[in-house]
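Please look at the chain shown here and follow it slowly from its sheet outwards to its helices and loops. The paragraphs after it explain each term where it is needed.

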Amino acid sequence: MLKVGLTGGIGSGKSTAAQRFEELGVPIVDADVIARNVVESGKPALEEVIAAFGEKVVSSDGELDRTELRKIVFENKEHKALLESILHPRIYDEILRQLDHLSTPYCIVVIPLLAESKRIYPLDRVLVIDLPHALQLERTSARDQQSEEKIDKIIQSQSSREKRLSLADDIVENSGTVELLYERIDLLHQKYTELAHQFESTAPKC
């Protein structure tokens, strides 16, 4: 099975691109979805997060208060590293588990922080959804109802655009409409389907 990693900066359109692949029948393994699942109420990871950062990171209904946790870790490298040490191994293992259960020609693995990760994911290609910094600010600010200054701090905390692009086998420039993005994803779907058949035909037989 051909495994395509999908990444991009905040507000780049990763989720919209992944949604289109899903509409085309391609299975999606999403690190963000997994990250939310591993800290659900009663999960060991949530208990470790509480032990590390205190009861203040839990809301009144027993769920993780993500807003409070972001405040704690955003500008504190030690806290961020501690949180990552709790979550990232679990996220990685779950990605591998989900991949192991797929048998389609190809799949999309959404890893927003692929450029920041120190782990080596079993990917055959990397697709980067890209757009200029100014448009990234504008779209994310409108979506999240936050100031462009605050959004820019988040962008600066992530890997640079240049580093992400250096990882790419394929790049989709997403400055246009959603319809244009869909057209580009549709073309990539054809390409990946063809590559998957080639990949399968050249894979060693057990």
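**From the sheet outwards**

An open sheet is formed by five strands in the order β2-β3-β1-β4-β5, and the pairing is parallel. Strands (E, at least two residues) and helices (H or I, at least four) are DSSP runs numbered from the N terminus, and two strands pair if DSSP finds at least two bridges between them. The edge strands, each of which pairs on one side only, are β2 (28-30) and β5 (170-173). On average, neighbouring strands of this sheet are turned by 20 degrees against each other, with direction ignored; axes here are lines fitted to C-alpha atoms, for helices over the stretch in contact, and angles run from 0 to 180 degrees between N-to-C directions.

Before going further, keep in mind that this is a predicted model, in which local features need pLDDT of at least 70 and side-chain atom pairs count only at pLDDT 80 or more, while totals for chains, interfaces and linings use all residues. Residues are numbered from 1 along each chain as its sequence is written, and side-chain values use heavy atoms, with hydrogens and water left out.

Which strands does β1 pair with, and over how many bridges? With β3 it pairs in the parallel sense over five bridges, and five bridges also join β1 to β4, again running parallel. Within these ladders, Gly-5 stands opposite Val-109 in β3, Lys-3 has Cys-107 of β3 as its bridge partner, and Val-4 is partnered by Arg-125 in β4. On its other side, β3 (residues 106-110) is joined to β2 by three bridges, the two strands running parallel, and Ile-28 has Ile-108 in β3 as its bridge partner.

In a regular strand the side chains alternate between the two faces of the sheet. In β1, Leu-2, Val-4, Leu-6 and Gly-8 lie on one side and Lys-3, Gly-5 and Thr-7 on the other, and all of them are buried, where buried means under 20% relative accessible area, exposed over 50% and partly exposed in between (1.4 Å probe, protein chains only). Because seven of the seven residues of β1 are buried, this strand is largely enclosed by the rest of the structure. Strand β3 is mostly covered too, with five of its five residues buried: Tyr-106, Ile-108 and Val-110 point one way, and Cys-107 and Val-109 point the other way.

Helix α1 (residues 14-23) lies across β1 (2-8), β2, β3 and β4 (125-130), running at about 150 degrees to β1. The segment before β1 holds Met-1, which counts as partly exposed because its relative accessibility is 26%. Leaving out residues up to four places away in sequence, Met-1 touches several residues, including Leu-99, Tyr-106 and Phe-199, where contact means heavy atoms within 4.5 Å.

The largest nonpolar core has 31 residues, and those with the most contacts inside it are Val-49, Phe-53, Val-57, Leu-69, Leu-87 and Ile-95; such a core is a set of buried Ala, Val, Leu, Ile, Met, Phe, Trp, Tyr and Cys residues joined through side-chain atoms within 4.5 Å. Two or more residues of this core come from each of α2 (31-38), α3 (44-53), α4 (66-73), α5 (77-100), β3 and β4, and the largest share, seven residues, comes from α5. A second, separate core of 18 residues includes Ala-18, Val-172, Leu-181 and Ala-196.

How do α4 and α5 meet? Their axes come within 7 Å and cross at roughly 130 degrees, which makes α4 oblique to α5, since angles under 35 degrees count as roughly parallel, over 145 as roughly antiparallel, 65 to 115 as roughly perpendicular and the rest as oblique. Leu-69, Ile-72 and Val-73 of α4 make this contact with His-79, Lys-80 and Leu-83 of α5. Leu-69 also appears among the most connected residues of the largest core, and, leaving aside neighbours within four places in sequence, Leu-69 is in contact with Val-49, Phe-53, Val-57, Leu-64 and Leu-83.

The last stop is a loop. Most residues other than glycine have a negative phi. Gln-145, although not a glycine, has a positive phi of about 55 degrees, and its place is in the loop between α6 (133-144) and α7 (148-157). With a relative accessible area of 68%, Gln-145 is exposed.
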